[in-house]
Amino acid sequence: MQRNNISQFLWLALFIVSMLLAPTYGVHLFNERVSHDLEWWGHRYPALQLIWVVGGLPLTTLLVIYRASGYFGREPAKWRILGIFILGGITELVVKHFVATPFPPNVPPPTGYRQLILWTNIEPSTVFAWLRQLNPSTAGVHHLSSHLLRGSFPSGHVFRITYAYGLFLSSKWRLVIAGVAAFCVVATGGHWMWDALGGFLLASWGLEWRSTQPKGRVMVNG
């Protein structure tokens, strides 16, 4: 078995283990302790709310498409990069449906940040919020959102930030940016720390898969 395949399997195994542990009481106590320690930062520094813009679906999707197109570095197009990104997003939604972990207490953003986040952070809950604004009679779709996305694990923003920005960074800087993203999403009350860990593991699996050469293809230098 190739080294990349082993690493890919390990990242996936770690993600599955973290998913199974997410609803446990011990993890919940850990999450509450970390959130309590970081909540002050979210109240003190509203700019941390920008993590929801930086990790929003529009910006990260554009980055992934740009990288996959091969324009960066004048490389051949590698559209499997985009495919892995989409698969990771689907995995996030499916896991959030079946792993019903409680949501942390939210740190409300100031009005200016709230509007910016609303229009740049496109997620199912955001789409439902738009529908409610356009047509109050569609308020019932909120119940649909709650039914489909019953848990907070894993963090989609940490996944997207680690994967999308990690396509341009070395493994060391991927870890740094994932750590910053985890700090911000927890401090602003959007996720638990365990959710952030799950998002990081999911992205690391995708990045490792992306670097694995498809069977039957040979890399040629020169």
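How many residues does helix α4 have, and how far does it reach from its first C-alpha to its last? In this predicted model, local features need pLDDT of at least 70 and side-chain atom pairs count only at pLDDT 80 or more, whereas totals for chains, interfaces and linings use all residues. Residues are numbered from 1 along each chain as its sequence is written, and side-chain values use heavy atoms, with hydrogens and water left out.

Helix α4 (residues 57–68; helices are DSSP runs of H or I of at least four residues, numbered from the N terminus) has 12 residues and reaches 16 Å from its first C-alpha to its last, close to the 16 Å expected at 1.5 Å a residue, the expected span being 1.5 Å times one less than the number of residues. Its buried residues are Thr60, Val64, Arg67 and Ala68, where buried denotes under 20% relative accessible area, exposed over 50% and partly exposed in between, with a 1.4 Å probe and protein chains only. These residues cover an arc of only 95° around the axis, which puts them on the same side of α4, the arc being that of the directions from the helix axis to the C-beta atoms. Just after α4, Gly70 takes a positive phi of about 85°.

Three salt bridges (a side-chain nitrogen of Lys or Arg within 4 Å of a carboxyl oxygen of Asp or Glu) are found in the whole structure. Glu92 pairs with Lys96, with the closest N and O atoms 2.8 Å apart, and Arg160 pairs with Glu92 at 3.7 Å. Shared partners join Glu92, Lys96 and Arg160 into one network.

Conventions:
Helix = DSSP H or I, 4+ residues; strand = E, 2+ residues; numbered from the N terminus.
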